[in-house]
Amino acid sequence: MSDEPRGMSDAAIDLGTPEPFRRHPASLWPEVLLEQCEVTTGRAGGPGGQHRNKVETRVVVTHTPTGAIGEGSETRSQKRNHAAAVQRLRVNLALSLRGDGLADPRVRELIERRAGDGLKVSDSHVDWPAVLAATLDECALERWDVKAAAQRLGVSASRVVRVLKTEPRAHTLLNRERTDRGLRPLR
């Protein structure tokens, strides 16, 4: 199953200039985010035989305001697939929407707490999409200058690159934006 967001362009969606800030959807708690979403279930295709195809375990979560999608169908548990779909939706939102970075007090507090250990957070942890979104937002606000973004985040430039490499699509986005601005891509 691909984690690529379906129905979304490669271009980032501009959230505008909020007053005083607009909370990035990827930084919302999953329960709050689900209030803005449509959840559908269905039967998953593929291997697994009769057990997999008897029940509707596939879960698709669509963020209504943006059309971003998260999908989960790898297990026979609808509950686990739902959790995976919500996490994938939050990551897809982090990749596709640019916000105000550290303007959100909750995100700033999260980043300050995580910066002490170099923004280390598992990609399966509930904080991961918010950390990814804030890191990409700060890079975008600094016109994809990783060193400047790292200073704002309170970590090293190599740590910012490592965070973005955790999600290959984020690293690709960073390098595409840097190349578009005449900056060299980062390894």
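**View 1. Strands β3 and β4 make a hairpin, with 5 residues between them.** In the turn sits G67, whose phi is positive, about 85 degrees. Helices and strands here are DSSP runs numbered from the N terminus (H or I over at least four residues for a helix, E over at least two for a strand). This is a predicted model, so local features need pLDDT of at least 70 and side-chain atom pairs count only at pLDDT 80 or more, while totals for chains, interfaces and linings use all residues. Residues are numbered from 1 along each chain as its sequence is written, and side-chain values use heavy atoms, with hydrogens and water left out. Back to the hairpin: β3 covers residues 58–63 and β4 covers residues 69–72, and they pair in the antiparallel sense over 4 bridges. Pairing takes at least two DSSP bridges between two strands. Want one bridge to look for? Try V61, whose partner in β4 is G70.

**View 2. Helix α7 has several buried residues.** Which residues of α7 are buried? In this helix (residues 157–166), they are R159, V160, V161, V163 and L164. Buried means under 20% relative accessible area, exposed means over 50%, and partly exposed is in between (1.4 Å probe, protein chains only). The buried residues of α7 pack against α5 (128–141), α6 (146–153) and α8 (168–180); contact here means heavy atoms within 4.5 Å.

**View 3. D137 and R98 meet in a salt bridge, with N to O at 2.8 Å.** A salt bridge puts a side-chain nitrogen of Lys or Arg within 4 Å of a carboxyl oxygen of Asp or Glu. This one links distant parts of the chain: D137 belongs to helix α5 and R98 to strand β5 (residues 97–98), 39 residues apart. Both D137 and R98 are buried. The whole structure holds 11 salt bridges.

**View 4. D127 pairs with R113 in another salt bridge.** The closest N and O atoms of D127 and R113 are 3.4 Å apart. D127 lies in the loop between α4 (105–115) and α5, and R113 lies in helix α4, so the pair ties together parts 14 residues apart in sequence. Is D127 buried or exposed? With 6% relative accessibility, D127 counts as buried, whereas R113 is partly exposed at 47%.

**View 5. E167 and R169 form a salt bridge too.** Here the closest N and O atoms are 2.9 Å apart. E167 counts as buried at 13% relative accessibility, and R169 is buried at 17%. Elsewhere, salt bridges with shared partners join E109, R113, R114 and D127 into one network.
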